[in-house]
Amino acid sequence: MLPLKLLGLIRVLPRVSGKGSMAPIAVSASLQTLVKPAGGLEAWSNIAYAIAGFALLLQGQAYGLILLALAWASWKYHATRTKRWQHADRAMVLASVFALVALAYLSPPWMLAAVAVAVAIERFMPNLEVPVIASAIVIVVKLKAQAWGPLALIALAAGLVWTAERWKSSTTRAGALTYDILHSIWHLLSAGALYWTAHLLS
């Protein structure tokens, strides 16, 4: 008789404590982590920068280190959404284009100066469009006709990330997923454009 009572207690206890619903809650939380802007696909899509960085390093190009740093800073920001890592992400975006200018007109060691300038001015830049576009123009002048491939790629990427901003603050699952996917594609395309440009400049 006692074993039967204990069995009944074991069956009732999860319903009383609420622990019986933990599995569905855990599944729901996992799905929310996948689709919500912070910590979703847009965080993990930064692996594209890391892949591009490693590929360049295998080719003996130091610019690969810049892309690895960008991958880390961007991943940390999109995973945590903290101000500290937002500044690091923005600084590395600037550094990645400034370093390409250094490669185009100077030499690889000057990339360190490009990173230093990017870190120094990032906090004073309300947006990054002006320095990024100016850098792109300078690089196009250097590469001439060769620049149109990566330039078209980065233009498409910029268009997608601009469109994604419409859903950045969405409170619906569909809106959050749309933002997550579009921003992730931006990471993939911009990583491809940076890799392509660095390859052309080598």
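**α9 and α10**

I began with the pair α9 and α10 in this predicted model. Helix α9 covers residues 148-164 and helix α10 covers residues 173-201. I looked up their axes, which come within 8 Å and cross at roughly 160 degrees. An angle over 145 degrees counts as roughly antiparallel, so I entered α9 and α10 as roughly antiparallel to each other. I noted the crossing of α9 and α10 as left-handed.

Next I listed who makes this contact. From α9 the list includes Gly-149, Pro-150, Leu-153, Ile-154, Leu-156 and Ala-157. From α10 the list includes Tyr-179, Leu-182, His-183, Ile-185, Trp-186 and Leu-189. I then sorted the residues of the contact of α9 with α10 by type: 17 are nonpolar, six are polar and none is charged.

**His-183**

I stopped at His-183, which sits in helix α10 and is among the residues that touch α9. Is His-183 buried or exposed? I found a relative accessible area of 8%, so His-183 is buried. Leaving aside neighbours within four places in sequence, His-183 is in contact with Glu-42, His-78, Val-161 and Ala-164. Val-161 and Ala-164 are also listed on the α9 side of the contact with α10.

**α6 and α10**

I then turned to a second partner of α10. The axes of α6 and α10 come within 10 Å and cross at roughly 15 degrees. Angles under 35 degrees count as roughly parallel, and I therefore entered α6 and α10 as roughly parallel to each other. Here too I noted a left-handed crossing, with α6 passing α10. Ser-96, Leu-100, Leu-103 and Ala-104 make the contact from α6, and Leu-194, Thr-197, Ala-198 and Leu-201 make it from α10. By type, the residues of the contact of α6 with α10 are six nonpolar, two polar and no charged. Thr-197 of α10 was already in my list for the contact with α9.

**α5**

I checked the length of helix α5, residues 63-80. What span should its 18 residues have at 1.5 Å a residue? The expected value is 26 Å, and the end C-alpha atoms of α5 are 26 Å apart, which agrees.

I went on to the buried residues of α5. They are Tyr-63, Gly-64, Ile-66, Leu-67, Leu-70, Ala-71, Ala-73, Ser-74, Lys-76, Tyr-77 and His-78. Which helices do the buried residues of α5 pack against? I found α3 (41-44), α4 (47-58), α6 (83-105), α7 (110-122) and α10. His-78, one of the buried residues of α5, is also one of the contacts of His-183. Just after α5, I noted that Arg-81 takes a positive phi of about 60 degrees.

**Asn-46**

I looked for Asn-46 and found it in the loop between α3 and α4. Its relative accessibility is 1%, so Asn-46 counts as buried. Not counting residues up to four places away in sequence, Asn-46 touches Ala-71, Ser-74, Trp-75, His-78 and His-187. Of these, Ala-71, Ser-74 and His-78 appear in my list of buried residues in α5.

**The whole chain**

Last, I looked at the protein chain as a whole. How many helices and strands are there? I counted 10 helices and zero strands. Of the 202 residues, 36% count as buried. Among contacts in the protein chain with a separation of 6 or more, residues 24 or more positions apart account for 69%.

Note on methods. Residues are numbered from 1 along each chain as its sequence is written. This is a predicted model: local features need pLDDT of at least 70, side-chain atom pairs count only at pLDDT 80 or more; totals for chains, interfaces and linings use all residues. Side-chain values use heavy atoms; hydrogens and water are left out. Axes are lines fitted to C-alpha atoms, for helices over the stretch in contact, and angles run from 0 to 180 degrees between N-to-C directions. Helices (H or I, at least four residues) and strands (E, at least two) are DSSP runs, numbered from the N terminus. Angles under 35 degrees count as roughly parallel, over 145 as roughly antiparallel, 65 to 115 as roughly perpendicular and the rest as oblique. A crossing is left-handed if the near helix is turned anticlockwise from the far one by less than a right angle, and right-handed if clockwise. Contact means heavy atoms within 4.5 Å. Ala, Val, Leu, Ile, Met, Phe, Trp, Tyr, Cys and Pro count as nonpolar, Asp, Glu, Lys and Arg as charged, and the others, Gly among them, as polar. The expected span of a helix is 1.5 Å times one less than its number of residues. Buried means under 20% relative accessible area, exposed over 50%, partly exposed in between (1.4 Å probe, protein chains only).
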